[in-house]
Amino acid sequence: MTHAMLKGSNVPLEADTVRAVLRWTPGQGVPDVDASALLLGPDGRVRSDEDFVFYNQPRHPSGKVWRLGKKRIAEGLTDTIQTDLSGVEPDVGRILLVASADGITFDRVPALCILLYDAAVADAEPLARFEIKPETGAETALICGELYRRGEGWKFRALGEGYSNGLKGLATDFGISVDESEAAEEPSAAQPLPPEQPLSPEPPTSSVPAQPAYGYPQPAYGYPQPAAVPVAVGPVDPNFRLPPQGPQFIGR
């Protein structure tokens with residue numbers, strides 16, 4: 001039989017492994033919801049940052065608490081945290097089950113609820129069901145409920161406690177250290193651009209003399225010719241003729 005939970009009520013858990021399923025109805029304008037868990041020590045705070053199981057750290061080092069991820073079912077979307085209660089370290093007294101909406105308020109998330117199942121029984125009815133109603137609607141993170149030790153066993157308590165500063169604010173309250181340097185600033189569009197660089201380096205100056213333009217007199221073919229010696233020109237003999245040139249005139 002499924003226990004319908006009211007805020008602040010609790011129910012004993014006989015299952016060794018519990019699956020906590022966060023469920024909501026998707027639609028236009030509905031934010032994506034993420035499930036996470038915080039393992040708390042005797043002082044009510046995490047023992048280290050490793051006690052935070054979420055989308056960037058989906059499995060606890062002990063291997064006893066892990067995130068199964070999201071799934072679409074007929075009733076909507078789900079995100080699930082599973083816990084092996086029989087193997088949880090003795091100094092962990094509480095495990096918070098958390099929902100966050102990435103900075104968007106939960107008044108835009110319809111039909112939000114958490115259901116607890118015995119993970120060892122296939123197709124079983126939920127052990128407990130809690131319909132989560134945000135108190136103000138401005139919450140961006142919610143502690144849906146908690147698994148806590150009572151004597152030799154475990155219980156589940158329905159909470160529905162909200163945070164308006166998101167998963168970061170909730171996690172910080174329980175001792176998680178948030179690295180502010182991870183959010184690197186984008187360069188401003190108003191910043192001056194670096195000086196434009198030439199597309200290619202200037203070509204080196206050639207040691208070969210430039211050739212004259214096509215059609216103009218070209219330098220003598222072969223090795224450089226000696227400079228012409230000026231010759232005095234006298235009166236021209238009107239009967240002077242050049243002798244025949246070339247080997248074709250020899251012996252003819």
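User: How many residues of the lining of the second largest pocket are nonpolar, polar and charged?

Analyst: The lining divides into eight nonpolar, three polar and seven charged residues. Here Ala, Val, Leu, Ile, Met, Phe, Trp, Tyr, Cys and Pro count as nonpolar, Asp, Glu, Lys and Arg as charged, and the others, Gly among them, as polar. This is a predicted model, so local features need pLDDT of at least 70 and side-chain atom pairs count only at pLDDT 80 or more, while totals for chains, interfaces and linings use all residues. Residues are numbered from 1 along each chain as its sequence is written, and side-chain values use heavy atoms, with hydrogens and water left out.

User: What is a pocket, and what volume does the second largest pocket have?

Analyst: The general idea is friendly enough: rolling a probe the size of a water molecule over the atoms shows where empty space is left. On a 1 Å grid over the protein atoms alone, a pocket is an open set of points where a 1.4 Å probe fits, with protein on both sides within 12 Å along at least five of seven lines; lining residues have an atom within 4 Å of a point. Grid points are joined across faces, edges and corners, and the volume is the space filled by probe spheres set on them. In this structure, the second largest pocket has a volume of about 420 Å³. Its lining has 18 residues, and Arg19, Val21, Lys71, Ile73 and Tyr117 lie nearest its centre.

User: Which strands supply at least two residues of that lining?

Analyst: Strands (E, at least two residues) and helices (H or I, at least four) are DSSP runs, numbered from the N terminus. Strand E3 (17–24), strand E6 (65–73), strand E7 (76–84) and strand E9 (113–118) each supply at least two lining residues. E6 gives the most, with five.

User: Which strands pair with each other in the open sheet, and in what order do they stand?

Analyst: Two strands pair if DSSP finds at least two bridges between them. The open sheet has six strands in the order E1-E10-E9-E3-E7-E6, with mixed pairing. E1 and E6 are the edge strands, each pairing on one side only. Direction ignored, neighbouring strands of this sheet are turned by 20 degrees against each other on average; the axes are lines fitted to C-alpha atoms, and angles run from 0 to 180 degrees between N-to-C directions.

For a closer look, take E6 and E7, which pair in the antiparallel sense over eight bridges. A hairpin joins E6 to E7 through two residues, and Lys71 stands opposite Thr78 in E7. E3 and E9 are also antiparallel, over six bridges, with Cys113 in E9 as the bridge partner of Arg23. As a reading tip, the side chains in a regular strand alternate between the two faces of the sheet.

User: What is a salt bridge, and how many are there here?

Analyst: A salt bridge is a side-chain nitrogen of Lys or Arg within 4 Å of a carboxyl oxygen of Asp or Glu. The count comes to 12 salt bridges. In one of them, Glu135 meets Lys7, with the closest N and O atoms 2.3 Å apart. Glu135 lies in the loop between strand E10 (128–131) and strand E11 (141–150), and Lys7 in the loop between strand E1 (3–5) and strand E2 (10–13), so this pair ties together parts that are 128 residues apart in sequence.

Arg47 and Glu89 also form a salt bridge (2.9 Å, N to O). Arg47 lies in the loop between strand E4 (34–40) and strand E5 (52–53), and Glu89 in the loop between E7 and strand E8 (94–100), so parts 42 residues apart in sequence are tied together. There is a network of salt bridges too, linking Asp32, Asp34, Arg67, Lys70 and Asp79.

User: Which of Arg157 and Glu146 is buried, and which is partly exposed?

Analyst: Buried means under 20% relative accessible area, exposed over 50%, and partly exposed in between (1.4 Å probe, protein chains only). These two side chains meet in a salt bridge (2.4 Å, N to O). Arg157, at 22%, is partly exposed, whereas Glu146, at 4%, is buried. In the earlier pair, Glu135 is exposed at 62% and Lys7 partly exposed at 43%.

User: Where does Ile132 lie?

Analyst: Ile132 lies in the loop between E10 and E11 and is buried, at 3% relative accessibility. Ile132 and Glu161 are 29 residues apart in sequence and 9.4 Å apart in space, C-alpha to C-alpha.
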